[in-house]
Amino acid sequence: MNPFSSGTRLRDMIRAIRACKTAAEERGVVRKECAAIRASINENDQDYRHRNMAKLMFIHMLGYPTHFGQMECLKLIASPGFPEKRIGYLGLMLLLDERQEVLMLVTNSLKQDLNHTNQYIVGLALCALGNICSAEMARDLAPEVERLLQFRDPNIRKKAALCSIRIIKKVPDLAENFINPATSLLREKHHGVLITGVQLCTDLCKTSTEALEHIRKKCTDGLVRSLRDLANSPYSPEYDIAGITDPFLHIRLLKLLRVLGEGDADASDSMNDILAQVATKTESNKVAGNAILYECVQTIMSIEDNGGLRVLAINILGRFLSNRDNNIRYVALNMLMRAVTADAQAVQRHRATILECVKDLDASIRKRALELVYVLVNETNVKPLVKELVDYLEVSDLDFREDLTTKICSIVAKFSPEKIWYIDQMLKVLSEAGNFVKDEVWYALIVVVSNASELHGYTVRALYRAFQTSAEQETLVRVTVWCIGEYGDMLVNNIGMLDIEDPITVTESDAVDVVEIAIKRHASDLTTKAMALVALLKLSSRFPSCSERIGEIIVQFKGNLVLELQQRAIEFNSVISKHQNIRSTLVERMPVLDEATFIGRRAGSLPGAASTATAPSVSLPNGLAKPAAPLVDLLDLSSDDPVAPSSSGGDFLQDLLGVDLSPASQQSGAGQASKSGTDVLLDLLSIGSPVQSNSVDILSSNTSNKAPVSPLDDLSSLSLSSRSASNAGPVIDLLGGISSSPPTENNGPVYPSVTAFESSSLRLTFNFTKQPGNPQTTVIQATFTNLSSNTYTDFVFQAAVPKFLQLHLDPASGNTLPATGNGSITQTLRVTNSQHGKKSLVMRIRIAYKINGKDTLEEGQISNFPRDL
Amino acid sequence: MIHFVLLISRQGKVRLTKWYSPYSQKERSKVIRELSGLVISRGPKLCNFVEWRGLKVVYKRYASLYFCICNDQEDNELETLSIIHHYVETLDRYFGSVCELDLIFNFHKAYFILDEVLLAGMLQETSKRTTLRLIAAQEELVEAAKEEASSLSNIIAQATK
């Protein structure tokens, strides 16, 4: 007997593991136990299988791999005794899940056990089936389960009912077979059977309308009666929880009634009385009672309208909301959320309380409350609500800010009554939580600002002020930089002053300071820096006095490591130094961004840009593509008749960032790629194919001009499509280069045979072939020849390879090797080299055989494989 | 429907896991890691519900153990809380004022009891007495089998003497 297999008892193992002081020590103990269990498994040890499985389950819970025990589960299940089966099924449920193919092997055992004479074994099988059965098993075993729904023992009936739920979930077509047996369960008195029957019916109703109709017609009255009997039942110690008889059954009955009442006036009518009774009579000082009330309110809100009941329900929720218990408040918020659709007015009454919950200590409650506030906002209450939320933003937890910011932004965008209010709120959010603001939100803000011409001066001054205190908020910095670039002159000269503003004095160099801080801040990302460069270019023309300083800043970026910045800096530098005459025209203020297009893009569906592949690759002289591409129009200085600037929202970010100085960059051929500004990778990849990326731009601009419903926002679609288009060429080239270079001799055995191993007694030669089209895999034919004068028996060849190789051994042609080369054994090996072309094959071998019954072992390493295998 | 049941100690050690929805072994350990961090870090006065990956985790702490049940979003959280309590009371009656050590050394019994309370992610039995009666009956079967085995081996031992 194996010295391990007697092993330790389960209890001792657990003790040993618990006594470990370090994780390493624990691993050691587990490793030893696992080794013992494996040894015992290999010996097919019957006596300890049961205990080994228990140990394995414990080891599994600690998080160690236990897959080697899966087959043991099956063996235990197949054994005749109850204790073995019990532990086997437990192991099956714990160590396996329904996606493992091993599970299919158990179907037959399950079938036998479902028909077993011992009802406890039937129970075990039902339990396993209910917890982990897959669709195939469900199909195979459904008839057995269906039959067991009528079993004499109620404990089997209830298990079968729950099992049926799983089966129906896996295979909805089987639902109709279960309708009749399920409805007969509803007449049971045994609570376990009744509650499982009710759950089965609820699931049937959800899966099949036929079942819903049937149960609604046949069973509604019976269910109402059951609920009434239950609610009025006298004290019964077996089911009593806090003075209520079986609250679980209450809840499941209410749930089924809800499904039946939804959308059916008659059924709803018949349950009104009992719902009113439950809603008014249930004690609400314990969890169980509140759980029933909560379920009852849900049912009342879902079934067909009954004014009186709804008032009752909303009142219960109001009571819940003011409860001191957090759990109760949480469910109240949860329920009010669903009640909004039924009766928004009633929910509005609790607005103040809900708003308080947004500021609760408890993250779960805050989240629920915020979602509820979000649906409660309308045109009339938006201002006070947003004020509350923004005020709270300042003190909120960091991990809650992201949610809160998103919601505020979305509320503000949806309900803002006027632009100035919108801009004010957004600035507050940006300066409080700018780092949580999503890209499309600040894009939208820029679009709005650009459209509010009377507020340009006001906005840029407000941003300037905000920047002084909140320069660490990335998105605030971006918007500020953009606005200063566009409207810097208004900042300095106090143009467009509103009555509500305090005048401020900002010099030209103060304004440049802001941009300089933004560009030099380490935390600024590429987009911000790129935007700052564009702003500087614009300011260089607007503030002649600072022109020299700006020039210096830009020059510093000429050596930047990031291609995008370097390229911009070089381009802008040459604009400033060499093209004075066109500079002022070049950096004119952006035309008003098209709000409708932007909104359309955000709301629209997928783009019709599928035709990118067939896009005409227009490459006009000087790289300027005419067809109405707004980007090009803006910059097309050489053109005599500029098309009216019709910038589309979708491209505006490109406009903002990719002030693509085509004349300057075209010669280099690299400038073409920098459309999206943020995507360095794209830039790198598309450098070689300026024409392709150009054509994509033209196309997408076209589509956005013609149909503002084009979709997905701006950059993502654009950069994706241009990426794929521009990638295609070079990538194929690269690959083509590789795949065509290996000689076409793949078909024949071109590699010389090798004597892989030779000793005084044995020679091993390898012949190599490769399958065409699969250069990684080599088929090796190994031939063994006996050089001695003895016959070898029990000949076994073993081989091992390093990780980058995969080895497959076919069976050998025999296991006896005749003496003195009078015959040979051949064996085929298949080796797949994952590092093909980089590393060549190596292999370690071991050959074992017997000479006259005496074991002999030869070992060696083979490294004389031909190269490039 | 209940997707899984977890018992985690305050140190984050797993004491029981039961999966009613398919999660691969990898996902399982990820879920356990994520949830134990989420649940154990919550303060004592907060509500017992955590929203997680579009599902809802209801948890309750008993002494050093956290009992967690992961539910669908629309399930009744208060009822789930009662189910946890129901299970704990059943354990308590079985072990006689249960403690964490009972559940460590007799983890398989905790599983057997759970299998009588829940099945397929649904509630199976609401009477603690019935549950314990079924467990007792099955343990009798195990004992009977053991006795039979030992008497058999006695007979064999005598026969081979």
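This section describes the fold of chain A, two antiparallel strand arrangements, the pockets and cavities, and the cysteines of a predicted model.

Chain A contains 38 helices and ten strands. Of its 869 residues, 54% count as buried. When contacts in chain A between residues at least 6 apart in sequence are considered, 68% of them join residues at least 24 apart.

Within chain A, strand 4 (residues 762-770) pairs with a strand on either side of it in sequence, namely strand 3 (residues 754-758) and strand 5 (residues 777-786). Strand 3 of chain A runs antiparallel to strand 4 of chain A, and four bridges join the two. Phe757(A) has Leu764(A) in strand 4 as its bridge partner, and the hairpin between these two strands passes through three residues. Strand 4 of chain A is also antiparallel to strand 5 of chain A, to which it is joined by nine bridges. Here Asn767(A) has Gln781(A) in strand 5 as its bridge partner. The hairpin of strands 4 and 5 of chain A has six residues between the strands, and Gly773(A) in this hairpin takes a positive phi near 80°.

In a regular strand, side chains alternate between the two faces of the sheet. Strand 4 of chain A shows such an alternation: Leu762(A), Leu764(A), Phe766(A), Phe768(A) and Lys770(A) point to one face and are buried. Arg763(A), Thr765(A), Asn767(A) and Thr769(A) point to the other face and are not buried. The two bridge pairs named above thus involve one residue from each face of strand 4 of chain A, with Leu764(A) on the buried face and Asn767(A) on the other.

A second antiparallel arrangement is found in chain B, where strand 4 (residues 55-62) is mostly covered, with six of its eight residues buried. Strand 3 (residues 49-52) of chain B pairs with strand 4 of chain B in the antiparallel sense over four bridges. Val50(B) has Val57(B) in strand 4 as its bridge partner. Two residues lie between the strands in the hairpin of strands 3 and 4 of chain B, where Arg53(B) takes a positive phi near 50°. On pairing with strand 5 (residues 65-71) of chain B, strand 4 of chain B is again antiparallel, over seven bridges. Ile69(B) in strand 5 stands opposite Val58(B). The hairpin of strands 4 and 5 of chain B likewise has two residues between the strands, and Ala63(B) takes a positive phi near 50° there.

The largest pocket has a volume of about 1,300 Å³. It is lined by 31 residues, and those closest to its centre are His50(A), Arg51(A), Pro83(A), Val142(B) and Lys146(B). Two or more lining residues come from each of helix 1 (10-19), helix 3 (49-61) and helix 5 of chain A, as well as from helix 4 and helix 5 of chain B. Helix 5 of chain B gives the most to this lining, with eight residues. By class, the lining of the largest pocket comprises 13 nonpolar, six polar and twelve charged residues.

Enclosed space was also examined, and 13 cavities of 30 Å³ or more were found. The largest cavity has a volume of about 190 Å³. Its lining consists of 19 residues, of which Gly123(A), Leu124(A), Lys159(A), Glu116(B) and Gln138(B) lie nearest its centre. The elements giving two or more residues to this lining are helix 5 (82-95), helix 7 (119-132) and helix 9 (154-170) of chain A, together with helix 4 (107-117) and helix 5 (128-159) of chain B. Helix 7 of chain A gives the most, with six residues. The lining of the largest cavity divides into eleven nonpolar, four polar and four charged residues.

No disulfides are counted over all chains. For Cys70(B), the closest cysteine sulfur is that of Cys68(B), at 9.5 Å, which is too far for a bond. Cys70(B) is buried, with a relative accessible area of 0%. Cys357(A) likewise counts as buried because its relative accessibility, 2%, falls under the 20% cut-off.

Key:
Residues numbered from 1 in each chain as written. Chains lettered and ligands numbered in written order. Predicted model: local features only at pLDDT ≥ 70, side-chain atom pairs only at ≥ 80, totals over all residues. Heavy atoms only, no water. Disulfide = S-S within 2.5 Å. Buried < 20%, exposed > 50% of the residue type's maximum accessible area, 1.4 Å probe, protein only. 1 Å grid on protein atoms, 1.4 Å probe; cavity = no way out; pocket = protein on both sides within 12 Å on 5 of 7 lines; lining within 4 Å. Points joined across faces, edges and corners; volume = space filled by probe spheres on them. Nonpolar A, V, L, I, M, F, W, Y, C, P; charged D, E, K, R; others polar. Pairing = 2+ DSSP bridges. Contact = heavy atoms within 4.5 Å.
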